[in-house]
Amino acid sequence: MANGHGLDEVFEPGKREDVITDIHRFTNTYPKVRVIVTSRVIGYKPQRLRDAEFRHVMLQDLDSKQIKTFIEHWHELTFTDQADKVRKRERLQKAINTSSPIRQLAQNPLLLTMMAILNRNQELPRDRSELYNQSSRLLLHRWDVERALLEDNRLDPKTIDYQDKQQMLGKVADFMQGNQAGLAGNLISAEDLERIIFEELKLREVTNPRAVAKVMINQLRTRNFILCFMGADYYAFVHRTFLEYFCAWEFVRKFEKTQKIDLEQLQTQVFGQHWRDESWHEVLRLIVGMIDSRKAGEIIEYLIAQYGESNRFGNLFLAADFLSEVRNRYEIKSTDTTLLNRVKDLINYDQNSWRGDKSS
């Protein structure tokens, strides 16, 4: 039995229960037929299918062998020119083999496909923020709001371009990081999502913004773009990477474009509050890589100055990590030197601590 939809796409709980009953009845009637039921995790209740003796498995990320197979098959199907196929395939595989961040992203089939598409016409960007930016542009291009408005008939088609969508997603990510689950989660209710889109459309003086927001969200329900419907009236970014990227992008926009936050606020309210929280580390790395190098240096100096003993001096290791993200590291040589001296002090601190433990 084949079906193109997941169980979570039956929106009404009562109807979903009826579908589970029908599946159970079908398997009793045809016990030799293999049945696979798919669902996103949110809103899924496993017990009834478990009682019907279904085995439950969770899809995992691609491993290195699967990534290699995917790349070979994708290029085989995409290219007609043999030499071009081999060259582009090897270039993508090399980028994955030599870059840990790119390799991590390649474990997700969607992001691996994004990289393969980008790699057709260019070398992959060296920094992650630009790779995320270009990947998000590919996905946002597919979110064709104008076509959806044309199909609706009741509404005048309004051009909502890449920058409009980008700013909406920045606001969505900003809301999600400030929500109860924070950046550890990747979830927003349909009500909150519709409100954010409505407010952004209203700012752009779109006619009938509430109706347009509903059309946009309805389009997200039926297709996976950069946001996807998770079932149970919740939405998420198709991959956590995009939540982190757009969260960082929104902070940078507030800092550089609108001046809603200054450097001191970026240091204390963003880095100061969150450097101990591992779920924020990627966002903080991306911010450092996206802003002016000298400003990034000041943030790293601020982090070096934090009291880190109770956190096993994690502030210094994080500062070293951030330093590798700075676009023009030669512009902040003094920061480089400061961090090096603090690490030397840390080595002496560890040696003294070890001697103290030995003698006691």
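Two strands count as paired if DSSP finds at least two bridges between them. Keep that in mind as you work through this predicted model.

**Exercise 1. Work out how β3 fits together with β1 and β2, and what alanine 232 does.**

Step 1: Start with β1 (residues 188-189) and β3 (residues 234-237), which are joined by 2 bridges and run antiparallel. Across this pairing, serine 189 sits opposite tyrosine 234 of β3.

Step 2: Now take β2 (residues 227-231), which has 4 bridges to β3 and also runs antiparallel to that strand. Here leucine 227 faces phenylalanine 237 in β3.

Step 3: Look at the hairpin of β2 and β3, with 2 residues between the strands. Alanine 232 in this hairpin has a positive phi near 55 degrees.

**Exercise 2. Decide how many disulfides there are.**

Step 1: Recall that a disulfide is a covalent bond between the sulfur atoms of two cysteines. The cut-off you need is 2.5 Å between the sulfurs.

Step 2: Check cysteine 228: the closest cysteine sulfur belongs to cysteine 247 and is 18 Å off, so that's too far for a bond. Cysteine 247 is in no disulfide either. The count is 0 disulfides.

Step 3: Are these cysteines buried or exposed? Cysteine 228 counts as buried because its relative accessibility is 7%, and cysteine 247 is buried because its value is 0%.

**Exercise 3. Describe the surroundings of asparagine 315.**

Step 1: Place asparagine 315 in helix α16 (residues 314-323).

Step 2: Its relative accessibility is 0%, so asparagine 315 counts as buried.

Step 3: Find what its side chain reaches: the backbone oxygen of leucine 303 at 3.1 Å, and that of isoleucine 304, which lies 3.4 Å from a polar side-chain atom of asparagine 315.

Key. Residues numbered from 1 in each chain as written. Predicted model: local features only at pLDDT ≥ 70, side-chain atom pairs only at ≥ 80, totals over all residues. Heavy atoms only, no water. Buried < 20%, exposed > 50% of the residue type's maximum accessible area, 1.4 Å probe, protein only. Polar contact = N/O pair within 3.5 Å; in protein donor to acceptor, adjacent residues only side chain to side chain.
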